[in-house]
Amino acid sequence: MTIERVIDGKIYEFPAGTPEATIRRFTLNKAGTPDSPATAPAAPVRPQAPRPNAMLPGAAGQALQGLSMGFADEAIARMRSMGGDQSYEDLVKAEREGLRKYAEENPRTAVASELGGALVPALFTGGAGAIPAVSKAVGPKLAGMLFGKAPSIPRMMGYGAGSGAVTAVGTSEKPPGELGGEAVKGATVGAVTTGTLGLLGKYVAMPAFNKIKQSLGFGDANKAADLAIVKALEKDGMTPDQALAKMQAMSRGEITLADLGENTAALLRNATAAPSPARRIGKSELVNREMERIPRVSEDLRTLMSGSKDFYTDVLDLIKKRKDEADPLYKAAYAGAPTFSPATAPDIARLRNLPTFKEAMKIGAKRMADNEIDITDPRNTLRGLHETKIALDDMIENAMREGSGGQAATLLNMKRRLLADMEKASPEYKIARQTFAGDSELLTAMKEGQQIYTMPELDMRKLIDRFKDSPSEYDAFRSGISQAMLEKLRVAGPTADPVKSILSRDAEQKLRRAFRDDAAFDEFKDRLMQEQRMLQTEKAGFRRTPLDTDLDQGAAGVGAAANLMAGRPFTAAGDALRAQFPNMIGMPPRVARQTTQKLLTPTDKVDTVIDSIMQSLKQQEELLLSSSRATNAGASLVGGLAASRDPKDQYPEDSMAPTRPPRVELSGMATPPAGPPPSPLGSMGQ
């Protein structure tokens, strides 16, 4: 609703909300008399005091306004009002008018000056975390939340909101009662603006910039590889130091960073996705490691299964080693052989009357004759009994091969009684036999061990009890067990799960009894589980599909050209897409090569990789901290600029015209003129 005033016989209309003081000044300037009705007595017109001028109306004032986040005009006016007779209200209007006029006349300089001034508080608030005194004053946790070590959109919005709220209050020209609402509006504008810019930067600008940089070959490939590995380790719940400790705690030295978790294995797959040196290097390393699995498990069995340091999984090596060690012992026992009699060897005296034992004695005598040893010499009796024992071994083996379990048990009992008397009479012979029981006995023990997966556990216990006094036979028995375990692994193939292949549910307890103790078996099982982890990496490292060959040789690209020339465009397009797909999802070649080499570095050389990663992390932390400060400062600056208000015209009466021309008063009454509305700039009745 407009405001009407009669001035000098004419009616003027003012916009709704025009201050009364403004209307009064306009009236005085226009008519030289108060705007009271014509019947009112004339009031004397007091001369107006001259308007004050702005103290800093130029670039300095604009810069100070930015520096103070919009409070410079109020601060200067307050200071000037304290030292003179001019009112604060008039002085603050003067300062604002000076800023407004300068901005109209010099827009670029004004903007640059205010922006330069605003940078100072923005940089201070954004980089305050770098000042030790500030961090110490607010506390480490609060400092981390406010300043942080990495750019954060919520933190940007917080800085934008804070700066926007302060700037909105500082640049507002509303009365104090409305400043709270102004602060809320400024905070909202600042937060929304900085949040939007942050989202665009994080998800649009920076990814595009990084993609272009990588495609052009810029950037530190070593650092990029290190940071990619750190990110994968974090997803697997490890720091680089924890990863190093975990690798060093494992007994399998072939373990690599790629074996530590699902995400490091996935990173290896990503690095080797496209035909490149990285793929060739990775595949060569993993294939070699895969082919060495059975030899590694064989070595584990050799070192962990037996209590003997000279244990061999190959029984022929075991026989040769044992025989070489026992030969001097047997010779010493034969040289000092005792005299046997029914009193010193009662069981042997009774065995001599048994038909089968007599047959064994005949075979033994023949073996001695073939070796040109005189059986009639009492000094060779021990040797003759030893040859009889060997004959019994052959007869036991034949009986077992033919399935005559009862006969084999009878022969075993004869052998046990024979050896008991022989070892009682000659302790030297006992020591020699423990070292090497004989080819046939060791082979028999080995064959029994090879039946471990079909052997009932009770039978295994009986065998172990039988071998308790013959370490050489026990080692041969365990050698057979180890051969059965390795055969399981060979049949399953290098890509099969070694734990499931060897430690089937019903066999684990029996296999545990074959090891020297529970600790040795647990260590062996742990190593198998590490092999299982390595196998998972080998499977995850490459796509085991028919495309493998194409990816390695680039055949899909050749196929695309051939199909195109043959008039098959759709097939050619499919081949071309298949050839390029790994390149689209993979890493840049330089980064991929570094990543692959680092991920597949074995434990004994991984120290250098971890050192490189830690150095890259330190550099990245410094870069992120600098970026965080710059981002916070930018958010503070943008939030303040977005929420700031430009000064309004402080003296609108100087240029204000009525909203429509005055109406001429006729016979003391104001009547509107006839016809269409006149132009707002015209004046009827003039």
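Helix α21 passes α23 in a right-handed crossing, and that pairing is a handy way into this predicted model. The chain has 31 helices and four strands, and 41% of its 686 residues count as buried. Looking at contacts with a separation of 6 or more, 71% are between residues 24 or more positions apart. Below is a quick tour of three helix pairs, a few single helices and two residues worth a click.

**α21 against α23**

- The axes of α21 and helix α23 (residues 471-492) come within 6 Å of each other, crossing at roughly 40 degrees.
- That angle makes α21 oblique to α23, since the roughly parallel label is kept for angles under 35 degrees.
- On the α21 side, the residues that meet α23 are Glu 441, Leu 442, Ala 445, Met 446, Glu 448, Gly 449 and Gln 450.
- On the α23 side you'll find Ser 472, Glu 473, Ala 476, Phe 477, Gly 480, Ile 481, Gln 483 and Ala 484.
- Sorted by class, this α21 and α23 contact has seven nonpolar, five polar and three charged residues.

**α18 against α21**

- Helix α21 (residues 439-450) also packs with helix α18 (residues 381-401), at an angle of about 30 degrees and with the axes 9 Å apart.
- The two helices are therefore roughly parallel to each other, and α18 passes α21 in a left-handed crossing.
- From α18, the residues involved are Lys 389, Asp 393, Asp 394, Glu 397 and Met 400.
- They meet Ser 440, Glu 441, Thr 444, Lys 447 and Glu 448 of α21.
- The class count for α18 with α21 is one nonpolar, two polar and seven charged residues.
- Glu 441 and Glu 448 turn up in the contact with α18 and also in the contact with α23.

**α18 and the loop before it**

- α18 has 21 residues and reaches 30 Å from its first C-alpha to its last, close to the 30 Å expected at 1.5 Å a residue.
- Because 15 of its 21 residues are buried, α18 is largely enclosed by the rest of the structure.
- After α18 comes Gly 403, with a positive phi near 80 degrees.
- Ahead of α18, the loop between α17 (355-370) and α18 holds Glu 372.
- Glu 372 has a positive phi too, near 60 degrees, in a residue other than glycine.
- With a relative accessible area of 74%, Glu 372 is exposed.

**α10 against α30**

- Helix α10 (residues 221-235) and helix α30 (residues 589-599) have axes that come within 8 Å and cross at roughly 55 degrees.
- That puts α10 oblique to α30, and α10 passes α30 in a right-handed crossing.
- α10 makes this contact with Ala 221, Asn 222, Ala 224, Ala 225, Asp 226 and Ile 229.
- α30 brings Arg 590, Val 591, Gln 594, Thr 595, Lys 598 and Leu 599 to the contact.
- The class split for α10 with α30 is six nonpolar, three polar and three charged residues.

**α10 on its own**

- With 15 residues at 1.5 Å each, α10 should span 21 Å, and its end C-alpha atoms are indeed 21 Å apart.
- Its buried residues are Ala 221, Lys 223, Ala 225, Asp 226, Ile 229, Val 230, Ala 232 and Leu 233.
- Those buried residues pack against α11 (240-249), α12 (262-271), α30 and α31 (606-643).

**α4 on its own**

- Helix α4 (residues 88-105) has 18 residues, which should span 26 Å at 1.5 Å a residue, and the 26 Å between its end C-alpha atoms agrees.
- Buried in α4 are Tyr 88, Leu 91, Val 92, Ala 94, Glu 95, Arg 96, Glu 97, Gly 98, Leu 99, Arg 100 and Tyr 102.
- The cover over these buried α4 residues includes α2 (59-67), α3 (72-82) and α5 (107-127).

**Val 638**

- Val 638 sits in helix α31 and counts as partly exposed, at 25% relative accessibility.
- Leaving out residues up to four places away in sequence, Val 638 touches Thr 193, Thr 194 and Leu 197.
- The C-alpha atoms of Val 638 and Met 156 are 9.8 Å apart, although the two residues are separated by 482 residues along the chain.

Conventions: Residues are numbered from 1 along each chain as its sequence is written. This is a predicted model: local features need pLDDT of at least 70, side-chain atom pairs count only at pLDDT 80 or more; totals for chains, interfaces and linings use all residues. Side-chain values use heavy atoms; hydrogens and water are left out. Axes are lines fitted to C-alpha atoms, for helices over the stretch in contact, and angles run from 0 to 180 degrees between N-to-C directions. Angles under 35 degrees count as roughly parallel, over 145 as roughly antiparallel, 65 to 115 as roughly perpendicular and the rest as oblique. A crossing is left-handed if the near helix is turned anticlockwise from the far one by less than a right angle, and right-handed if clockwise. Contact means heavy atoms within 4.5 Å. Ala, Val, Leu, Ile, Met, Phe, Trp, Tyr, Cys and Pro count as nonpolar, Asp, Glu, Lys and Arg as charged, and the others, Gly among them, as polar. The expected span of a helix is 1.5 Å times one less than its number of residues. Buried means under 20% relative accessible area, exposed over 50%, partly exposed in between (1.4 Å probe, protein chains only).
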